[in-house]
Amino acid sequence: MNISIPGGGLKTLGRVRLTMEADLPFDEVPIDTPCPQCQGPLRMITARLDLPVFGDALQTTIHCTDCAFRHADVLLTREGRPMRDSLHVTDEERRRARVVRSQSGTVRIPELGAAMEPGPAADAFITNAEGVLWRFRDVAAGAVATGTEERPNAAQEVVDRMDAMIEGKEPFTVIIEDPSGNSAILHGATERVPLTPDEAASLKHGAFTFEVDGGTT
Ligand SMILES: [Zn+2]
């Protein structure tokens, strides 16, 4: 589905989970594109947000006046430098470090050889270091459950190691690389370095990948 909306240079954050203020000021305008479901008239509601990490942003909701179609986005108005954040998570306090991943961020757990890359289904999210593990665990557990993995035991081993990390029995590292600079790990011990143009250009656009042989222990 392609819908063109005003403000084309803005960066989409996708389905970021936000708590909206009930009385936020907003604008509502008709837009030229017909509804992708029923060809009916679409309207767009925009509200300006000041997000704690992303800065200025626009929350947009496109809705059809004739059917139930709705599509919500958060558009960032800021473009930062390509950055890599990494945090070695060794204790409970660091497991709670806030992690912000924009739609263009690649998240890695090097100890597991696991990567979450930008792609059509990529979600922007705000979570903590432990929450990142849970997101990877959901995908790895799916590989075990569906039995599509050539070596189901290997996928189970990854899940078991993730459980040990979630329970604090094994340290792990969270790395986020983002060419837009809009991802971050918010902790005093985070190592934050700019990406070189080559590094930023070499970031892949795929989905979830796991090296089930155990990664770079
Ligand atoms: Zn419609």
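A residue is buried if 20 or more other C-beta atoms lie within 10 Å of its own, exposed if 12 or fewer, and partly exposed in between, with C-beta atoms placed from the backbone. This is a predicted model, where local features need pLDDT of at least 70, side-chain atom pairs count only at pLDDT 80 or more, and totals for chains, interfaces and linings use all residues. Numbering starts from 1 along each chain as its sequence is written.

**Exercise 1.** Work out where Q39 sits and whether Q39 counts as buried or exposed.

*Solution.* Start with the backbone: Q39 lies in the loop between strand 2 (26-34) and strand 3 (41-51); strands here are DSSP runs of E, at least two residues, and helices are runs of H or I, at least four, numbered from the N terminus. Next, count neighbours: Q39 has 11 C-beta neighbours inside 10 Å, so Q39 is exposed. Finally, check phi: Q39 isn't a glycine, yet its phi is positive, about 65°.

**Exercise 2.** Do the same for R96: find its loop and its exposure class.

*Solution.* R96 belongs to the loop between helix 1 (92-95) and strand 7 (98-101). There are 13 other C-beta atoms within 10 Å, so R96 is partly exposed. Now look across the chain: G131 is 35 residues away in sequence, with 8.5 Å between the two C-alpha atoms.

**Exercise 3.** Describe the open sheet that contains strand 7.

*Solution.* Get the order down: 10-7-12, three strands, antiparallel pairing (strands pair if DSSP finds at least two bridges between them). Strand 10 (125-128) and strand 12 (184-186) are the edges, each pairing on one side only. Then zoom in: strands 7 and 10 share four bridges, and V100 stands opposite I126 in strand 10.
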